[in-house]
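I opened my notebook beside the model and jotted things down as I looked them up. Here are the entries, in the order I made them.

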Amino acid sequence: MTERTTEIVLPSRSDRVAAGLSEAAGGPLGRHATLRRRFWTPLQVVLLLTTLVFAFNWVQKSPCRDGAWDNYDQYRNACYTDVLALYYAEKLNEGYIPYLDHEVEYPVLTGLMMGAIGLPVHALISSGAIPGHLNEGTVFYDLTALALAGFGLVTAWAVVRSRERRPWDGALVALAPAVFVTATVNWDFLAIGLTALAILAWSRERPGLSGVFFGLATAAKFYPLLILGPLVLLCFRRRTPEARRSALITVGSAVFTWLVVNVPFAIMAPDGWSKFFRLSSERPIDWGTFWYIGTHIPVGRTADNKPDLGLPPFVWLGDHIPALNWAAYVLYALCCIGIAALIFFAPRRPRLAAMAFLVVAAFLLTNKVWSQQFVLWLVPLAVLARPRWRAFLIWQACELFYFFAFYQILIRVSGGKGAVLPEAVFTLASIARWLSVAVMCGLVVREALKPELDVVRRDGVDDPEGGVLDESRSPELEQHPVPAVAT
């Protein structure tokens with residue numbers, strides 16, 4: 001096996017786009033500059049950047065914090081957040097306990113987070129312990145934003161700690177433009193932080209703890225469950241008893257943890273607990289999805305000379321939700337079969353983070369629902385899968401284009417007046433977002449087929465997040481650990 005190096009990779013030296021951007025701060029780090037620990041380490045800088053981005057996100061959402069959404073201000077200012085809207089929709093402002101007193105449309109752990117913050121806010125304001133002139137929704141949003149910022153810091157910390165040689169990759173997670181505008185739109189960073197911890201625990205060869213975090217993450221959002229698929233397949237390709245045992249431990253502990261969180265609510269409040277699953281099957285085509293694009297592609301002109309929108313198969317599926325569900329399942333299954341083939345037949349075993357990105361991205365590309373904040377699922381996975389600045393920033397630019405076009409179209413369909421973008425522009429933004437994620441997937445696949453192009457695997461590195469899969473870990477290195485790099 002090739003000996004690993006512990007030299008820190010500097011983006012301003014190794015990535016041309018990062019080098020160009022660094023000119024705004026004095027240019028790339030000099031050849032003779034010291035990398036020894038002083039005051040600001042890469043980890044501290046990344047955490048500071050994450051804190052600043054969440055603070056800016058709070059400012060960006062501040063016009064909506066009072067809930068006085070007149071004249072569609074929540075769309076005109078692009079500051080809408082489910083956190084504030086659902087405080088009232090889920091009746092937390094009336095003291096209702098999630099699932100037990102009121103059905104909640106999210107998985108259990110997300111509902112518990114809503115209740116853990118919302119119910120004390122309501123109780124304290126109702127009792128007078130907190131001044132009654134305060135807006136309950138505003139207090140709830142502020143506390144939730146603070147909690148989500150904590151999970152954002154956990155995510156950045158876990159990404160940095162997962163990368164001994166590439167701690168500055170965490171800066172891409174912290175500075176992703178999509179984080180700035182969507183960080184507190186919903187509660188997704190709860191699941192994202194837990195998923196990042198699961199990957200970190202796996203990289204440290206702690207499969208039981210990794211499974212616990214995967215189970216908790218899946219109890220908050222569905223998507224972390226998808227990552228267990230490539231993890232198991234990679235372990236079977238590794239063909240060692242330790243790898244297969246670790247996979248079984250991780251999956252087993254994940255399932256057990258998920259059951260511990262979910263079973264009590266499934267027993268005590270089956271209707272409230274199952275709403276998430278019912279809603280997922282009943283929802284129609286959502287904004288910006290592959291299926292939405294198909295139903296809004298211009299195919300001609302109507303008799304009154306208006307655009308005729310929608311390819312016939314997509315239009316039919318939009319009117320037949322069960323068939324739409326099966327179409328999405330089949331497309332995603334085909335993608336998963338392709339990812340499985342890549343795992344087993346690539347010339348070199350692919351990296352875990354790369355396959356995790358592919359399986360989650362494929363889910364979004366084929367699913368009938370693609371909410372604006374779902375981009376956050378992909379950000380840390382994309383950085384771990386392919387820490388190349390050019391493609392990452394182009395993708396993020398497409399996400400920003402979609403974000404602002406989305407709010408413009410919401411003004412239009414809500415009956416708002418004023419200058420708004422035409423429908424065709426939103427369709428174009430949806431296509432750009434879809435294609436940018438598809439291109440990212442193509443680049444990850446290319447590097448899996450041509451490992452020499454993978455910047456993470458340079459200098460003898462195999463799979464930093466691989467844990468027992470990492471072939472660059474030799475018995476000699478385990479007996480004589482490499483000195484820790486300042487992160």
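**Entry 1: the cysteines**

I began with Cys-79, which is buried because its relative accessibility is 0%, under the 20% cut-off. A reminder to myself before going further: this is a predicted model, so everything here is computed from it.

Next I asked which residue Cys-79 is joined to by a disulfide. The partner is Cys-64, with the two sulfurs 1.9 Å apart. I then looked through the whole structure for others, and the search gives one disulfide. The link of Cys-64 and Cys-79 is right-handed, with 65 degrees about the S-S bond.

Where do Cys-64 and Cys-79 lie? I found Cys-64 in the loop between helix H3 (42-61) and helix H4 (73-76), and Cys-79 in the loop between H4 and helix H5 (82-89), so the disulfide ties together parts 15 residues apart in sequence. Cys-64 is buried too, at a relative accessible area of 1%.

I also checked Cys-336, which takes part in no disulfide. Its nearest cysteine sulfur belongs to Cys-335 and sits 6.9 Å away; a disulfide needs the sulfurs within 2.5 Å, so that pair does not count. Cys-336 is partly exposed, with 26% relative accessibility. Cys-398, which I looked up last, is buried at 17%.

**Entry 2: two positive phi angles**

I went through the backbone next and noted Tyr-72, a residue other than glycine whose phi is positive, near 60 degrees. Tyr-72 is in the loop between H3 and H4, and the loop between H3 and H4 also holds Cys-64. With a relative accessible area of 27%, Tyr-72 is partly exposed.

Lys-91 went on the page as well, with a positive phi near 60 degrees. I located Lys-91 in the loop between H5 and helix H6 (108-127). Lys-91 is partly exposed, at 28% relative accessible area.

**Entry 3: Glu-136**

Is Glu-136 buried or exposed? I got a relative accessible area of 18%, and that makes Glu-136 buried because the cut-off is 20%. Glu-136 lies in helix H7, which covers residues 136-162.

I then wanted to know which residues Glu-136 is in contact with, leaving aside neighbours within four places in sequence. The list is Tyr-87, Tyr-88, Asn-93, Val-121, His-122, Ile-125 and Ser-126. Two of these partners gave me side-chain entries. The side chains of Glu-136 and Tyr-87 make a polar contact of 2.4 Å. The side chain of Glu-136 also makes a polar contact with that of His-122, at 3.4 Å.

One distance for the margin: Glu-136 and Leu-124 are twelve residues apart in sequence, with 9.7 Å between their C-alpha atoms.

**Entry 4: the cavities**

How many cavities of 30 Å³ or more does the whole structure have? My search gave four.

The largest cavity holds about 70 Å³ of space. Its lining is made of Pro-350, Arg-351, Ala-354, Ala-385, Val-444, Glu-447, Ala-448, Asp-454 and Arg-457. Helix H21 (residues 423-449) gives the largest share of that lining, with three residues. I sorted the lining of the largest cavity by class and got five nonpolar, four charged and no polar residues.

The second largest cavity has about 50 Å³. Among the residues lining the second largest cavity are Ala-178, Val-181, Gln-372, Glu-399 and Phe-403. Helix H9 (177-182) and helix H20 (389-413) each give two or more residues to this lining, and H20 gives the most, with four. The class count for the second largest cavity is six nonpolar, two polar and one charged.

**Entry 5: the largest pocket**

I finished with the largest pocket, which has about 1,100 Å³ of space. Of its 40 lining residues, those closest to the centre are Arg-283, Asn-367, Val-369, Ser-371 and Phe-374. The elements that give two or more residues to the lining are H5, helix H14 (270-282), helix H17 (321-345), helix H18 (352-366) and H20.

Which element gives the largest share of the pocket lining? I wrote down H14, with five residues. By class, the lining of the largest pocket has 25 nonpolar, nine polar and six charged residues.

Definitions and conventions: Residues numbered from 1 in each chain as written. Predicted model: local features only at pLDDT ≥ 70, side-chain atom pairs only at ≥ 80, totals over all residues. Heavy atoms only, no water. Buried < 20%, exposed > 50% of the residue type's maximum accessible area, 1.4 Å probe, protein only. Contact = heavy atoms within 4.5 Å. Polar contact = N/O pair within 3.5 Å; in protein donor to acceptor, adjacent residues only side chain to side chain. 1 Å grid on protein atoms, 1.4 Å probe; cavity = no way out; pocket = protein on both sides within 12 Å on 5 of 7 lines; lining within 4 Å. Points joined across faces, edges and corners; volume = space filled by probe spheres on them. Nonpolar A, V, L, I, M, F, W, Y, C, P; charged D, E, K, R; others polar.
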